[in-house]
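Colleague: Before we turn to individual side chains, I would like to learn how to read the features of a model like this one. Could we begin with the helices?

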Amino acid sequence: MSTDLAGGAAGTVTATVERGPRIAAVLIAFGWHLAINLPAVLGDWEHYRLPWVVGIGWLVFGAVGVVAAVNLLRGTPSPTWPLVGVLLLVDVVVFACVPGALVFDSANFGWATLGWFVVLLLWGRRIPALVAVLAVGAAIALVGVLALRGGGAADLSRYAMAVYGNATLPIAMMIAVNLLGTLAGTTARAAAARTAIETERAAAGRTHQTRRDRLAALDRTAGAILTELAQGRADPADPAVQRRCALEASRLRRLIAESDDVPDPLLHELRACVDVVERNGLPVDFVAVGTLPALPVEIRRQLAEPLTSTLAAATRWARLTVVGQPDEVVVSLTTPGTSIITSGPDQPGDTIGGTGDDQLSAAGGEVEYVYEENEELVWVQTRWRAA
């Protein structure tokens, strides 16, 4: 399982889990602003020093809240700190316009509502950021209380209780949301890890079964030629029998090489086939150019099978070329034309001749197969292109 996959799953689950709390925070902020602040502002309209300034401040407060709520519900970032600055400025203006008798009343809406709108703007951030903004709001309130009502013990006690009440619930909600997001992310990553393990286990099982099936097929085809040799029905000196033996040996070596842990599996598998042919005295020029991308076994098999079949049938010399790029791999074989019988990509082991041009669909891209033969040369090519 990749880290990106786990992170993406965690992010998706966290966003889904947080959807409810986000809606709740928006409802609380605007419910307070509309159901409590608006009636208080209208009811004490004539008591303000500058009523229209307070009214504009109420509208600005609501507009900032709308921007924050829309971005929060859409999951897009807001210009956080400029908007926080606007809220604090409105808070200062309202304190300047409110009479001393209404300092602790809902008519002084900026102080009581600041925390909820700041929660919308600071959603997902660390708690200290919210605490810092609320501390600035508390400092503004302290200056306002001292300026409008003096420094009496009763007023300072009411101030302390108001600061506690205005800060506790927003901070508690932010802590709960952060804990919920952390828990959801951890759970999602654990679930993604379990899913990846189960997927890898299932893939390993399918790969193992595929190898067993191919081994059984090789056992039948190789067993047939060995039985014929043992019963004397096949002549070891016959070139056709030799080609059949070389072909089965190449297939077996490639099957074994597929499970080796090497930097370039395709080259390793092709070298295993070339080694079988070279041991029979056939010179093979093997050239690899470029860097090969990581390919699954199925694609490597489709790239190698038609060429190794033709290589096993070669009689004088052969040239095998592999060209690798990040999104393409080309494997080609050239050998003298001597009416070679080769195997196509669709059904390895069945013979075809003449020219062919097939295209196989494979996971992660397509594999093209081309076979051409004339009186002088046989040319076989397989090409993989990324999807």
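Modeller: This is a predicted model, and a helix can be checked by comparing its expected span, at 1.5 Å a residue, with the distance between its end C-alpha atoms. The 18 residues of helix α3 (residues 80–97) should span 26 Å, and the end C-alpha atoms are 26 Å apart, so the two values agree.

Colleague: Which residues of α3 are buried, and what covers them?

Modeller: Buried means under 20% relative accessible area. In α3 the buried residues are T80, L83, V84, L87, L88, V90, D91, V94, F95 and C97, and their cover includes α2, α4 (109–121) and α5 (127–149).

Colleague: How should I read H33, and is this residue buried or exposed?

Modeller: H33 is found in helix α1 and counts as buried because its relative accessibility is 1%. Its side chain reaches the backbone oxygen of W58 at 3.1 Å. If neighbours within four places in sequence are left aside, H33 is in contact with L38, W58, F61, G62, F109, T113 and F117.

Colleague: Turning to the surface, which residues make the nonpolar patch?

Modeller: A patch is built from residues with over 30% relative accessible area and no salt bridge, with nonpolar side chains joined within 5 Å. Here L50, V53, L89 and V93 make a nonpolar surface patch of about 310 Å². One of these residues, L50, lies in the loop between α1 (3–43) and α2 (51–74), and L50 is partly exposed, with a relative accessible area of 47%.

Definitions and conventions. Residues are numbered from 1 along each chain as its sequence is written. This is a predicted model: local features need pLDDT of at least 70, side-chain atom pairs count only at pLDDT 80 or more; totals for chains, interfaces and linings use all residues. Side-chain values use heavy atoms; hydrogens and water are left out. Patches are made of residues with over 30% relative accessible area and no salt bridge: like charges are joined within 9 Å, nonpolar side chains (Val, Leu, Ile, Met, Phe, Trp, Tyr) within 5 Å. Accessible areas come from the Shrake-Rupley method with a 1.4 Å probe; for residues, only the protein chains shown count as cover. A salt bridge is a side-chain nitrogen of Lys or Arg within 4 Å of a carboxyl oxygen of Asp or Glu. Helices (H or I, at least four residues) and strands (E, at least two) are DSSP runs, numbered from the N terminus. Buried means under 20% relative accessible area, exposed over 50%, partly exposed in between (1.4 Å probe, protein chains only). A polar contact is a pair of N or O atoms within 3.5 Å; within protein, one must be able to donate a hydrogen and the other to accept it, and residues adjacent in sequence count only if both atoms are side-chain atoms. Contact means heavy atoms within 4.5 Å. The expected span of a helix is 1.5 Å times one less than its number of residues.
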